[in-house]
Every structure is written in C-alpha cells, then in structure tokens.
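Colleague: Please take one part of this model and look at it closely. Then connect it to its surroundings.

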Amino acid sequence: MRETKLRIGIIGSGRIGRVHAESLAFRIPEAVTVAIADLNVEAAREVAERCGIPRAVRYSEEILNDPAIDAVLICSPTETHANLIVGAARTGKHIFCEKPIDHSLAKIDLALQEVEKCGVKLQVGFNRRFDANFVRVRNAIAQDEIGTPCLMHIISRDPAPPPISYIKTSGGIFLDMTIHDFDMARFLVGDEIESVYATGSVRVDPEIGIAGDLDTVLIVLQFRNGVIGTIDNSRKAVYGYDQRVEILGSQGAIATENCYPNQAILSTGTAIQRDLPLNFFMDRYTESFVAEMRAFVQAVVQKKPVPVSGVDGRVAVVVGLAARKSFDERRPVQLNEVDRTEPQLA
Ligand SMILES: NC(=O)c1ccc[n+]([C@@H]2O[C@H](COP(=O)([O-])OP(=O)(O)OC[C@H]3O[C@@H](n4cnc5c(N)ncnc54)[C@H](O)[C@@H]3O)[C@@H](O)[C@H]2O)c1
C-alpha cells in the first residue's frame, strides 16, 4: 500500500540540502524523503545514510522522472534552479526552491509560467519569515501595536565571507545576501518597495572587489506607503552573525536583538560580558528552516496556498537588480526601471 506521507526528493546535498534533509528526517513526520540527488553522489550518500533516506543518486532526472515522488526540494546552485523548476512542474511535482529563483527575470518568468500552467505549488526559501523574532515584529505591524510604521532598519552581517569561488557565481551581494533582507523588508512592512538607493564598498577582502563584487553595502528603501527603510550588510562581523531589525511607528517601536547560545552575563571588576551570538545561519535560523519546511509540507498536504510564493521570489530579485543598478549609476532607482510588471503581495 502507498504511504500516506508526502514523498519528497531532494536535489542537492550541500550546505542547505543537508539542513532540509535533517528537518524532514527528524522533525516533520508528515513527510518522508525517498531520494536525494547530487552530482557528487558521495555527498548524497552521506546525507542519505545520516537521515535514513533509502536512495542516493547522481542525477536530478532520476528524481524528476520518478512518478512516486510528490514534491521536490531544489537545493542545488542557483544557476540550476529555473530549469529544475520547469522539469519538476512538467512532471507534476510540487516544488520548494531555494533562493534566489534565478538571477535573470526572463528565466524566472519562464519558470513561473510553467508552474502556473502545470498547476503545481512553488514555495521559495525565504526562511527568515519563519523566525520567531521576525514573526513577532511582523505581528506588531499587522496588529497595529506601534501605530503607523515610519522607519525600518535591518542589520544583516555575516561572520565571514564565503570562498571567492562562491562569490564569483553568487550573482553579487545584492542577489545572494541582501535578497533575504529585501524579502524581510516587504514581509515586515507589509507593503511594496518603490525605489532603492544602494551604496557599497570593498572593505573586507580586496579579492571580492577583483571578482566584481562588494562586501559592505548600505541600502535605502522607499516603500509605496511612505515607510523608509535601511539595510546594512557586511560579509564580515568578527563577533558573529549579526541579525537585527527595528521598526519605529507613530505609537512606539519594536526591535529584535541577536540570538545567543546562552543568556549568561559575566560581571567583574573590569567589564560586563556575554558570550558571542550564534555564529551563522545553520545555528541562528535552525528553527526557521524547520518551520518553513513544515509550512511547505502542510500547504501541499492540506492543499493550501504556500506562505512564500514564486512572486515573492521574483520581487526580491527585482529589488536586487535595482540595487545593483543604483550602485552602478550612483542614483536612486525606481523598481519599474528594471521591471514593468506591477508587484503584488502574496
Ligand atoms: N535559505 C538560505 O538561508 C540559504 C543558505 C545557503 C544556501 N542557499 C541557497 O541554496 C542553494 C545551494 O547553496 P549551498 O550553499 O547549499 O551550496 P553547496 O555548494 O553547499 O551545495 C550545492 C550542492 O549541489 C550539488 N549540485 C550541483 N549541481 C547539481 C545538479 N545539477 N544536480 C544535483 N546536484 C547538484 C553540488 O555538488 C553541491 O553538493 C543556492 O541557491 C543558495 O543561494 C540558501
């Protein structure tokens, strides 16, 4: 008899593929991973063994062509996403795709059209929307706890830059790193971004500049409803993963601090100290990864809309492209300069 659990295939068993494989194996009983694919089949085997996945394969086609698989997680590098979305949609599989969908709006539009045509679900991996701190901030806005929102600040700094090989194919800081913050900004404010002014610099590693990218950026967002937002990104904060937000409204403010491995404060005759914050996304956002995967599984099983749509994935790329144009041309850029489609909140 066929299992009643949602049957999932994972494509890509690198950093993020492992995170999702573990969530499904140990935290989400409504689904079962039946196969995992990676061009590096040894990596797939290792994850399969740890997570009790019965099949490890080399090629994504083995997952896409398996009629017993209901849904796929696309966790391979960004340049593979759009084609895999099209392949999965055509074989009738529901799709969870890591961010960003692609760096090109034309490729994103083709993929989203195919998803629409085939009637499958697509959720994009903006996991931070499922973080308890940010959910609380969103609720304060949605439930009018701080009055009319006026200013929004996001601080988002990595502990250390990725390897230069990763930087070279990442699409640049705005599409690789800030993309999470562009989505977070829309999520928290609950309205659309109209224009972007981005400035940036290379302060962390000259090699990042040689690769054509930036490692230190500051962005000003102007929202349709009048809210003004800033995003501050650095590829290197020596004290750990710095992830904070604040919104000021007409009746108050709401802010979140970093997350720490413990709450202990050490007070001595010379200083008051605490341990460093959780070091990177695997530790800081563990629970949000579980929650986003649970939400995907529930959306498919219960035939509900996904909480983060293909349109959300596309809008964040539009903002990223506008930010790069703003940096290159040293002026604020309206989103409709890079995209003529009217954005819609999901
Ligand atoms: N949501 C998040 O916080 C988050 C965090 C990290 C990465 N990501 C995204 O996830 C994606 C993967 O990033 P990563 O850091 O896990 O990369 P990674 O390099 O650690 O892993 C990618 C894996 O995919 C495999 N692969 C490459 N091409 C493949 C193909 N055609 N079929 C099957 N496997 C293939 C590689 O061998 C590798 O093992 C990227 O799009 C990235 O932007 C999201």
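Modeller: A residue is near a molecule if one of its heavy atoms lies within 4 Å of it. With that cut-off, 20 residues surround the ligand. The closest are Arg-15, Ile-16, Asp-38, Thr-78 and Lys-99. Keep in mind that this is a predicted model.

Three of these residues have listed polar distances. At Ile-16 the partner is the backbone: one of its polar atoms is 3.0 Å from an oxygen atom of the ligand. At Asp-38 the side chain is involved, with an N or O atom 2.6 Å from a ligand oxygen. Thr-78 also uses its side chain, where an N or O atom is 2.8 Å from an oxygen of the ligand.

Next, Ser-76. This residue is found in the loop between strand E4 (71-74) and helix H4 (81-90). Its relative accessibility is 13%, so Ser-76 counts as buried. The side chain of Ser-76 makes a polar contact with the side chain of Thr-80, at 2.7 Å. Leaving aside residues up to four places away in sequence, Ser-76 touches Ile-11, Gly-12, His-81 and Leu-84.

Now helix H9, residues 178-189. At 1.5 Å a residue, its 12 residues should span 16 Å, and the end C-alpha atoms are 16 Å apart, so the two agree. Is H9 mostly covered or mostly open? Mostly covered: 12 of its 12 residues are buried. The buried residues include charged ones such as Asp-181, Asp-183 and Arg-186. They also include Ile-179, Phe-182, Met-184, Phe-187 and Leu-188. Just after H9, Gly-190 takes a positive phi of about 75°.

One of the buried acids in H9 has a salt-bridge partner. Asp-181 meets Arg-128 side chain to side chain, with N and O 3.2 Å apart. The pair links distant parts of the chain, 53 residues apart. Arg-128 sits in the loop between strand E6 (122-124) and helix H6 (132-142), while Asp-181 is in helix H9. Both ends are covered. Arg-128 has 7% relative accessibility, so it counts as buried. Asp-181 is at 2%, so it too counts as buried.

Compare a pair in a less covered setting. Arg-136 forms a salt bridge with Glu-145, the closest N and O atoms being 2.8 Å apart. Arg-136 is partly exposed because its relative accessibility is 40%. Glu-145 is partly exposed as well, at 39%. The count comes to 29 salt bridges in total.

On to helix H13, residues 310-329. Its 20 residues reach 29 Å from first C-alpha to last, close to the 28 Å expected at 1.5 Å a residue. H13 is mostly covered, with 14 of its 20 residues buried. At its start, a side-chain oxygen of Ser-309 reaches to within 3.2 Å of the backbone nitrogen of Val-311. Just after the helix, Arg-330 takes a positive phi of about 55°.

H13 has a salt bridge of its own. The side chains of Asp-328 and Arg-324 meet at 3.1 Å, N to O. Both lie in H13, 4 residues apart, about one turn of the helix. An α-helix has 3.6 residues a turn, so residues three or four places apart point the same way. Asp-328 is partly exposed, since its relative accessible area is 48%. Arg-324 is partly exposed too, at 30%. A further group, Arg-129, Asp-183, Arg-186, Glu-192 and Asp-312, is joined into one network by salt bridges that share partners.

Last, the core. The largest nonpolar core has 100 residues, of which Ile-95, Phe-174 and Leu-221 touch the most other members. H13 gives the most to this core, with 8 residues. In soluble globular proteins, nonpolar side chains tend to be buried together.

Phe-174 brings H9 and H13 into one picture. Among the residues it touches are Ile-179 and Phe-182, both buried in H9. Its contacts also include Gly-320, Ala-323, Arg-324 and Phe-327, and Arg-324 is the residue that pairs with Asp-328. Ala-198, Leu-214, Val-217 and Ile-219 are further contacts of Phe-174.

Terms used. Residues numbered from 1 in each chain as written. Predicted model: local features only at pLDDT ≥ 70, side-chain atom pairs only at ≥ 80, totals over all residues. Heavy atoms only, no water. Helix = DSSP H or I, 4+ residues; strand = E, 2+ residues; numbered from the N terminus. Expected span 1.5 Å × (residues − 1). Buried < 20%, exposed > 50% of the residue type's maximum accessible area, 1.4 Å probe, protein only. Polar contact = N/O pair within 3.5 Å; in protein donor to acceptor, adjacent residues only side chain to side chain. Salt bridge = Lys/Arg side-chain N within 4 Å of Asp/Glu carboxyl O. Core = buried A, V, L, I, M, F, W, Y, C linked by side-chain atoms within 4.5 Å. Contact = heavy atoms within 4.5 Å.
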